[in-house]
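Got your viewer open? Load the model below and keep the selection box handy.

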Amino acid sequence: MRLYDSLTRGLVELPPSPGPIRIYVCGSTVYQRIHVGNSRPFVLGMWVRNWLRHTGYEVTFVHNITDVDDKVYAEAVEQGVPSRQLSERATAWFFEDTNDLGLGRPDLEPRATETIPEIVQFIQELVDGEKAYVANGDVYFSVARFPEYVRLSGARLEEMISQETSDLKQDQRDFALWKSQKPHEDAAWDSPWGPGRPGWHIECSAMAEKFLGPEFEIHGGGNDLRFPHHENELAQSASLGHAFAKIWMHNGMLELDQAKMSKSLGNVVTLRNVLDVWGRESLLVFHLSGAWSKPVDFDDDVMQQASARADRLRDVFRGIHQPAPAGSWERFSDALDDDFNTPAALAVMHEWRDHELLRRALGVFGLESLAENDEAPPEVAALAQRRQAAREVRDFEEADRLRAELVEAGWEMRDETNGHRLVRLR
Ligand SMILES: [Zn+2]
């Protein structure tokens, strides 16, 4: 299998199976219900893990939870609640909402607040190696000491110096590893430099290396994290001589057209709201339809299309099984092994009328549920038979009334060449 790597800007081959393949994907900052856009790296990570395991790899997938961050403190002040209470509540929402995607859980989901000793140790090593310096309770990474800086992101000087300017910095490109406690911050941890808390970037270097070691295969996250977050992670780890990630897998962002979305979701484009309105299957098919490394539009139209595609896949299991021609699975498998091309894999799946093969492919994406053929309960089947009888005697008024009753019960009667069948409305 090969994947596009943002660092070398080319395709990189994974080691042969069984690997191991170690994956770290940056998770959400927990201070409110997560945005639907945050579901993309989670879903992608779970799918890549599933696919690699399916093809015989040993995989460890780490997805962190950023539960200490400027945003957490700011929102806590706004709401007048303790910051720890806010992040605990938002972490519970994160678990609830991502559980409802029905993909299971990553192997490890470390929280920044549970990794403080490792983070402090990491910073100490950078200070000892003169890659970082202490200034009035803060610790800063010295960008001038890392000549390869901006290799990953290609960030310009203006972008670098716009990050949190401070008189304590020796160079405005430098970034904080440890931040001393501010008056509005109600939670802090002890450190050799005084009470405070870690910077966001060092949290991920420490969490990734704690669970995966100083060198691992894949580092994922949204394309918006390339700079400064991932550039800084790489600088911190590489400065200690750690190889860190071999492949940087940056997923494209969801592009929301507020006007084209207002009908279904209003202004609340949280994962929770999307799951409630469209359901998990439509959301997963939406994610399948777009190339992972490219930006994708997200609005009512594309969700409608995804929902229709999910229905088409479901319909296959209501039809007659037809064995797929030899080599069908290989076409599917080749698409995924070639930079995890899910749109191509989905196109292959749409050709199949082979129940076994389609069920197996859907399983890779947590969509086995589409293969569950719904059996109408007896009272619904009886209604359908009465409607059929009414139509046979041309009592269309009664037939319409019974159709409405079926819809009320959540079922639709579809005509077929030899009779009718009942389809559950979703
Ligand atoms: Zn991160």
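Here is a tour from the whole chain down to one helix pair.

This is a predicted model, so a few ground rules apply: local features need pLDDT of at least 70, side-chain atom pairs count only at pLDDT 80 or more, and totals for chains, interfaces and linings use all residues. Type residue numbers counted from 1 along each chain as its sequence is written.

**Whole protein.** Start zoomed out: the C-alpha atoms fill a box of roughly 90 × 55 × 35 Å along the principal axes. Switch to cartoon and you have 16 helices and 14 strands; these are DSSP runs numbered from the N terminus, with helices being H or I of at least four residues and strands E of at least two. Of the 426 residues, 39% are buried, where buried takes 20 or more other C-beta atoms within 10 Å of the residue's own, with C-beta atoms placed from the backbone.

**Domains.** Colour 2-251 as domain 1, 261-371 as domain 2 and 378-424 as domain 3; the bounds come from an automatic or database domain assignment. Drop a centroid on the C-alpha atoms of domain 1 and of domain 3, and the two centres sit 56 Å apart.

**The core.** Next, select Ile23, Trp47, Ile123, Phe141, Leu177 and Met349, the residues with the most contacts inside the largest nonpolar core, which has 97 residues. Such a core is a set of buried Ala, Val, Leu, Ile, Met, Phe, Trp, Tyr and Cys residues joined through C-beta atoms within 7 Å. Helix α1 (residues 39-54) gives the largest share, 8 residues. Domain 1 and domain 2 each supply at least three residues to this core. Now centre on Trp47: leaving aside neighbours within four places in sequence, Trp47 is in contact with Val364 and Phe365 (contact puts the backbone-placed C-beta atoms within 7 Å).

**α9 and α10.** How do the axes of α9 and α10 cross? Select 271-278 and 280-289: these axes come within 7 Å and cross at roughly 110°. That makes α9 roughly perpendicular to α10, because 65 to 115 degrees counts as roughly perpendicular. The axes are lines fitted to C-alpha atoms over the stretch in contact, with angles from 0 to 180 degrees between N-to-C directions. Show sticks for Val274, Leu275 and Trp278 in α9, which meet Arg280, Ser282 and Leu283 in α10.

**Around α10.** Stay on α10: 8 of its 10 residues are buried, including Leu284, Phe286 and His287. Finish by showing α1, α9, α11 (300-316) and α13 (342-351), since the buried residues of α10 pack against these helices.

Conventions:
Buried ≥ 20, exposed ≤ 12 C-beta atoms within 10 Å, placed from the backbone. Parallel < 35°, antiparallel > 145°, perpendicular 65-115°, else oblique. Contact = placed C-beta atoms within 7 Å.
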